[in-house]
Amino acid sequence: MSIALNAEAREPEVTLAAHGRTLPAERLGWLTPTDPAIGIDAIRARYEEHGYVWLKGLLPRADVIDFRGWVFARLAETGLLEPGHDFSLGIAAAEGVDWNLANRRLMSIVRSAAYEGFCAQPPLVRFMDNFLGGISYLHKRKLMRYVQPGTTMATPAHYDLVYLRGGTSRLVTAWIPIGDIPAEMGGLVYLEGSHALGRGMEAEFRARSGDLTPEERISAYNSHMAEGGWVSKDLPAMAERFDRRWLAADYEAGDVVLHSPYMIHAATTNEDRARRLRLSTDIRYQNVDDEIDARWSNHWSLGDML
Ligand SMILES: O=C(O)CCC(=O)C(=O)O
């Protein structure tokens, strides 16, 4: 496979915002894409250096788009989709969503054989075995998210280890766009080089956590953390405070981003003019021989406080 990969090809002409605050152009940059064909050693080296690796076209694009259609067909009854369009387009209805039903359906989808198969598809499993240098283990608690256009929903800034402190720190998150997610659709943004910051924050938390019970020490909802384990909802202020940029990307179906459990990331709002729903999954891998956080051995349930 040969993919044209141009790191800073796109001028930051888009405006990205989250929680009512717009990222200034000088605090916005672009992720560097990686061609999976460069080989596992080079991929690992990039992951270690940058805290992420954005793998272009690792999965068959048509399969990812098919799966997007499958998911939205199952959610159609909830009123989430505008009728009359191919489900794989994922065009959002302007109103009338039955949120109780949508939540129930989402919980069924993350328990489905189809989703299990998507997450365990051979190109991904083979890659993860190779990347982790052994037998890869996929945590059972797997998250799928859809984001409506024109709403304020956006994941606040955080690093993942906060939610997985009960096992090894040698974790790898795979964030997989299920469909194209151009930057204005509110995909993940990464705080440049922040895996070093996350390590520092974690060391500081450990140093201060002596007064917590063992359960509290591994919980993201302990009294030393901001509500929900977030670092902040104010992305421009974080960029200023740490004097670095947020890196965005035009993700395409078939891409997979791997990020370090210390890498600080967030999402921006979905401003898609075509009113497409942003759909993605985030799942966590580790080497099976490393200690496993037992709290993640159940399917995701809304409100499971993990
Ligand atoms: O998709 C999102 O909005 C958040 C995903 C995330 O936090 C992750 O992949 O760790």
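Which residues line the largest cavity? The points below take up that question, then turn to the ligand and its pocket.

1. The model is predicted. Keep that in mind throughout.

2. Start with the cavity. A search of the whole structure finds one cavity of 30 Å³ or more. The volume of the largest cavity is about 30 Å³. Its lining consists of Leu16, Ala183, Gly187, Leu188, Val189, Ala248, Ala249, Tyr251 and Thr268. By class, seven of these lining residues are nonpolar and two are polar. None is charged.

3. Now the largest pocket. It holds about 900 Å³ of space. It is lined by 36 residues. Closest to the pocket centre are Leu143, Arg145, Thr155, Trp230 and Trp300. Several elements give two or more residues to this lining: α3 (99-109), β7 (143-147), β8, β12 and β13. Strand β7 has the largest share, with five residues.

4. Look next at the chemistry of the pocket lining. The lining has 21 nonpolar residues. Eight more are polar, and seven are charged.

5. What takes up space in the largest pocket? The ligand does. There are 14 residues around the ligand. Those that come nearest are Thr155, Trp175, His265, Arg278 and Arg284. Thr155 thus appears in two lists: it is among the residues nearest the ligand, and it is among those closest to the pocket centre.

6. Which strands build the shell around the ligand? At least two residues each come from β8 (172-177), β12 (265-267) and β13 (278-287). Strand β13 gives the most, four residues. These three strands also contribute to the pocket lining, each with two or more residues.

7. The shell around the ligand can be sorted by class too. Three of its residues are nonpolar. Six are polar, and five are charged.

8. Three polar side chains deserve a look, each set against an oxygen atom of the ligand. For threonine 155, a side-chain N or O atom is 2.6 Å from such an oxygen. For aspartate 160, a polar side-chain atom lies 3.0 Å from a ligand oxygen. For histidine 259, the corresponding distance is 3.4 Å. As for burial, the ligand taken alone exposes 290 Å². The protein buries 98% of that area.

9. To recap for a first viewing: find the ligand in the largest pocket. Then trace β13, which gives four residues to the shell, and β7, which gives five to the pocket lining. Finish with the largest cavity, where Leu16 and Thr268 are among the lining residues.

Definitions and conventions: Residues are numbered from 1 along each chain as its sequence is written. This is a predicted model: local features need pLDDT of at least 70, side-chain atom pairs count only at pLDDT 80 or more; totals for chains, interfaces and linings use all residues. Side-chain values use heavy atoms; hydrogens and water are left out. A residue is near a molecule or strand if one of its heavy atoms lies within 4 Å of it. A polar contact is a pair of N or O atoms within 3.5 Å; within protein, one must be able to donate a hydrogen and the other to accept it, and residues adjacent in sequence count only if both atoms are side-chain atoms. Accessible areas come from the Shrake-Rupley method with a 1.4 Å probe; for residues, only the protein chains shown count as cover. On a 1 Å grid over the protein atoms alone, a cavity is a set of points where a 1.4 Å probe fits but cannot get out, and a pocket is an open set with protein on both sides within 12 Å along at least five of seven lines; lining residues have an atom within 4 Å of a point. A molecule sits in a cavity or pocket if more than half of its atoms lie within 2 Å of its grid points. Ala, Val, Leu, Ile, Met, Phe, Trp, Tyr, Cys and Pro count as nonpolar, Asp, Glu, Lys and Arg as charged, and the others, Gly among them, as polar. Grid points are joined across faces, edges and corners, and a volume is the space filled by probe spheres set on the points.
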